[in-house]
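Here are some exercises with worked solutions. Grab a coffee, try each task, then follow the steps.

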Amino acid sequence: MRKLSDILAYFLLFLILIPIFYVMFFITQPIKDNTAVLFDSYLVEYFKNTGIILFFTLLFSTIIAIFLAYFESFYEYRFRNFFRFVLVLPFAIPSYLFAYIYADFFSYFSWFNIFLREQFNLRIHFDIMNIYGAIFVFSLAFFPYVYILLRGFLAKFSANIINSAKSLGKSDTAIFFQIILPLSRPAIVAGASLCAMETLNAYGAPNYYGLHVFSTGIYKAWIAYNDLNAAIKLAVILLFVVFFILLVEKIFRRPYEISSKTYPIKRKKLSKIASFIIIVLFSFIFFISFLLPVIHILIWFKRSFLDVNYSALFILSKNTFFLSLSSSLIILIIATFLAFNQRFKKGRAKIIISSLSNMGYSIPGSVIAICMLALFICIDRINEPIYNFFGINNALFLTLSPVLLIFAYVVRFLALGFNGLDAAFNKLPSSITYARLSLGKNPFSSFFKIEFILVLPSLISSFILIFIEILKELPLASLLATSNFKTLSFEMDRYASDEQLAMLSAPALVLVLTCFILLVIFNLIKERK
């Protein structure tokens, strides 16, 4: 039974990762003559722009996250619990939506600039549609990845370490730079690596701002030049960039050994002036990262309320929720099986399953999309006689179906389900499983009566995170969504490309409101746990 489950686990992982391995065999295929300009003229620019955006996004996101997590974990001030919740809400707004909102907000005809001209006769024009603007919106969109992981780490920080440092005469500033920051390196690096993956994955913001990065180059090679081989070559180059970042992350993520027991930290009360400054700074970050974008969406919606096609919006929402729900459930089923199957494994087998399960999330969506297209087009060509036999006139039957997008989501977000459930299963005493097996109970039914119930909160939390990520995802939708099965993110990108920003407010409201509700539920589950 154990060998059969192992074979099934490796088969599932192979099936999920086969698109990535498949494109490696076609990297040497020639590209079209008219596509060569992408490599001759833009390849250096792809590296340069991607590198600059990645470096400064990581820098600013990490600085913001460290500032927020440190003061939340070690100091007491008014509205602390309020900020603890609202500062994760930017997670509900995708980076491309930030890009659309702030481009419009700083434009000459925005409601903000009109107000300044009418009330104060001030004429301000600030061009944000450049590489600096992309860094700004990415920093706002991605700092929660570092912030959430870091504050979770600092919540378990031992008070003994702080007290020992104070007994040696260390100031709060010295303790922060010499003790807290170095010991927090694993959490910071882990969060920064997630931020890096999301930055490399982003397509909507660079495309709208007219920036030449790898994600837009892959899209252009396939959509504009209709050259799958060129898109594969760019995807593989980006894949090697990702693997290099993961290698660096693995080196810097090695944790320090802490031998002391963990005792809860007693938060220090800030003075009135210091508390006021912190509240102002926290409020400013909350305002620019969530409140202002929501207000801007509502203003857009007020302008376009009568022009919105609500029946089409319903269909878009239905398609998006169907894809998110079905993909999330498939991911959770596979992740539950893999996490439970490797629960008692040690050594190389455990490392292999964990590494393969996490590989998809490390790979940008545009790369996965090209891998999927290459594989499914090949499958459709092989199956063409079968389609003809059954009277199916569509030669790209699978490629143009929702199956392709669902499969791509499973590959991309399996890691989110696996990591959460793997941690939950590892916290369960192994005696529980051994006891139910020794009693001769049916392994399948007894699993759902015992272990499944115990990991249910983690299962629901993982489902919420996966659902939100799929809901916001654009690179896969932009490359793989068909004309008869569009998503909310796809439609927002289409409106932005047509410069109809007010019209994207309706799908944006549906997306942001859904993510907000799910984040509230997620927060309640975490607090209850």
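Helices (H or I, at least four residues) and strands (E, at least two) are DSSP runs, numbered from the N terminus. This is a predicted model, where local features need pLDDT of at least 70 and side-chain atom pairs count only at pLDDT 80 or more, while totals for chains, interfaces and linings use all residues. Residues are numbered from 1 along each chain as its sequence is written, and side-chain values use heavy atoms, with hydrogens and water left out.

**Exercise 1. Place Val241 in the fold and say whether it is buried or exposed.**

Step 1: Look up the element. Val241 sits in helix α13, which covers residues 228-252.

Step 2: Check the cover. Buried means under 20% relative accessible area, exposed over 50%, and partly exposed in between (1.4 Å probe, protein chains only). Val241 comes out at 21%, so it counts as partly exposed.

Step 3: Look across the sequence. Val241 and Leu200 are 41 residues apart along the chain, yet 9.4 Å apart in space, C-alpha to C-alpha.

**Exercise 2. Do the same for Lys526.**

Step 1: Lys526 belongs to helix α26 (residues 505-528).

Step 2: Its relative accessible area is 42%, so Lys526 is partly exposed.

Step 3: Pro457 is 69 residues away from Lys526 in sequence, and the C-alpha to C-alpha distance is 8.3 Å.

**Exercise 3. Sketch the chain as a whole: how many helices and strands does it have, and what share is buried?**

Step 1: Count the elements. The protein chain has 26 helices and two strands.

Step 2: Of its 529 residues, 53% are buried.

Step 3: Take the contacts (heavy atoms within 4.5 Å). Among those between residues at least 6 apart in sequence, 84% join residues at least 24 apart.

Step 4: Add the surface, computed by the Shrake-Rupley method with a 1.4 Å probe; for residues, only the protein chains shown count as cover. The chain exposes about 25500 Å², with carbon and sulfur atoms supplying 69% of it.

**Exercise 4. Which residues form a nonpolar patch on the surface?**

Step 1: Get the rule straight. Patches take residues with over 30% relative accessible area and no salt bridge; like charges are joined within 9 Å, and nonpolar side chains (Val, Leu, Ile, Met, Phe, Trp, Tyr) within 5 Å.

Step 2: Name the members. Phe55, Phe56, Leu59, Phe60 and Ile63 make up the patch, with about 460 Å² of accessible area together.

Step 3: Zoom in on one of them. Phe60 lies in helix α3 (residues 43-74) and is partly exposed because its relative accessibility is 38%.

**Exercise 5. How many salt bridges does the whole structure hold, and what do they join?**

Step 1: Apply the cut-off (a side-chain nitrogen of Lys or Arg within 4 Å of a carboxyl oxygen of Asp or Glu). The search turns up seven salt bridges.

Step 2: Start with Glu72 and Arg84, whose closest N and O atoms are 2.5 Å apart. Glu72 is in helix α3 and Arg84 in helix α4 (residues 80-86), so this pair ties together parts 12 residues apart in sequence. Glu72 is buried at 2%, whereas Arg84 is partly exposed at 25%.

Step 3: Move on to Asp172 and Lys268, which meet at 2.9 Å, N to O. Asp172 lies in helix α9 (residues 172-183) and Lys268 in strand β2 (residues 268-269), so the bridge ties parts that are 96 residues apart in sequence. Asp172 has 25% relative accessibility and counts as partly exposed; so does Lys268, at 43%.

Step 4: Now Arg412 and Glu198, a salt bridge at 3.8 Å, N to O. Arg412 in helix α19 (residues 402-427) and Glu198 in helix α10 (residues 185-201) are 214 residues apart, so the pair links distant parts of the chain.Arg412 is buried at 1%, and Glu198 is buried at 7%.

Step 5: Look for shared partners. Glu72, Arg84 and Arg151 are joined into one network by salt bridges that share partners.

**Exercise 6. How many aromatic pairs are there, and how do Tyr70 and Tyr75 meet?**

Step 1: Set the rule. Rings of Phe, Tyr and Trp (its six-membered ring) pair if their centres lie within 6.5 Å; planes under 30 degrees apart count as stacked, over 60 as edge-to-face and the rest as tilted.

Step 2: The structure holds 40 aromatic pairs. Tyr70 and Tyr75 form one that is edge-to-face, at 5.5 Å centre to centre with 75° between the planes.

Step 3: Both Tyr70 and Tyr75 are buried.
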